[in-house]
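Please walk me through this structure, beginning with what it means for a side chain to be hidden from solvent, and then turning to its cysteines and its strands.

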Amino acid sequence: MPATIENLQFHGLPALRLTTPAGASAVVSLFGAQVLSWIPAGGQECLYLSPNAVYDGSVAIRGGIPVCFPQFAGLGSLPKHGLLRTRNWELAEQRAGDDFAMVVLQINDNDETHSIWPQSFAAELTVAIDGTRLDIEFEVENSGYSPFAFTAALHTYLRVREVETAQLQGLHGHEYRDAADKNQIKQETGDVLTIDRETDRVYHDTRRPLLLRDGARNLGIQAEGFPDVVVWNPWEERCAELPDMPANGFRHMLCVEAAAAHHRIELAAGESWFGRQTLVVL
């Protein structure tokens, strides 16, 4: 029996559910092209989705894997995290095989995006799952006649049992910008990163896979095309300020994001770029 892809309404928003014969599944919202759930075969939910998330189309959905483009965070004059999180995408392709399921969503510039960012672009997000793996690929084409530059990220909210006991390995020796400490540039000295306070870091030019240890679960995290890694947890005070997060939500999530944030990606007219993040349960 091959994998299946079905249409559904997720809190009133159109979405797609991918399911493999082995029992892996993912839910992808057409609003924002956002992966909202990923459960590997025989496993538990790996993504954090806030129980207080808003689904009325007015704001981005809190959790899952939002797409940030053409601006990451507040690194520029555009709205925080860019233009695509609160827009409807279209299904361009879907495929299901004996052990995998894949969908491709797309979006293009329009009059509304031009009023905010006067560039012509086409963007695609490919989401694929097999038994133990989630692949997300984000591609951008400059479809206009002049160059443009951007920052971007796959803002991945990982679900953890308790953030203070989770351990992230693979960042030792890397330089990072610490947004929680006046944007100071620092160097990671620990073999393992643990979270015990507000954490908002952009690690520059990472080249090795990461490993998240969360109790008995080990999650491998690999990126291609995205040179940076963002690690974010709002901790207690900042979490309380977020209307779409429960007060204790920070305890059960850790964002480990594939990003291009330290230096902007520059695209000449007609050129394209892609970045990929792969999550694998080990």
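A residue is called buried when its relative accessible area is under 20%, and exposed when that area is over 50%. The structure shown is a predicted model, and the cut-off for burial is applied to it throughout what follows.

With that cut-off in hand, the cysteines can be taken up. Cys 255 counts as buried because its relative accessibility is 0%, which lies under the limit of 20%. Cys 68 is likewise a buried residue, with a relative accessible area of 0%. Where, then, is the closest cysteine sulfur to that of Cys 68? It belongs to Cys 255 and lies 9.4 Å away, which is too far for a bond. A disulfide is a covalent bond between the sulfur atoms of two cysteines, and for a pair to be counted as one, the two sulfur atoms have to be within 2.5 Å. Seen from the other side, Cys 255 takes part in no disulfide, the nearest cysteine sulfur being that of Cys 68. A search of the whole structure agrees with this, finding zero disulfides.

Burial is also a feature of strand 19, which spans residues 228-233 and has six of its six residues buried. What covers the picture here is the state of both faces: on one side Asp 228, Val 230 and Trp 232 are buried, and on the other side Val 229, Val 231 and Asn 233 are buried as well.

Strand 19 also has pairing partners. Strand 16, made of residues 199-203, pairs with strand 19 in the antiparallel sense over five bridges, and within this pairing Asp 200 has Trp 232 of strand 19 as its bridge partner. Strand 20, residues 253-267, pairs with strand 19 in the antiparallel sense, again over five bridges, and there Val 229 stands opposite Ala 258 of strand 20.

Another part of the model to follow is an open sheet of four strands, whose order is 1-2-3-4 and whose pairing is antiparallel. Its edges are formed by strand 1 (4-10) and strand 4 (34-39), each of which pairs on one side only, and from one strand to the next the twist averages 20°. Inside this order, strand 2 (residues 13-19) and strand 3 (residues 25-29) pair in the antiparallel sense over five bridges, and Thr 19 has Ser 25 of strand 3 as its bridge partner.

Conventions:
Residues numbered from 1 in each chain as written. Predicted model: local features only at pLDDT ≥ 70, side-chain atom pairs only at ≥ 80, totals over all residues. Heavy atoms only, no water. Buried < 20%, exposed > 50% of the residue type's maximum accessible area, 1.4 Å probe, protein only. Helix = DSSP H or I, 4+ residues; strand = E, 2+ residues; numbered from the N terminus. Pairing = 2+ DSSP bridges. Axes fitted to C-alpha atoms, helices over the stretch in contact; angles between N-to-C directions.
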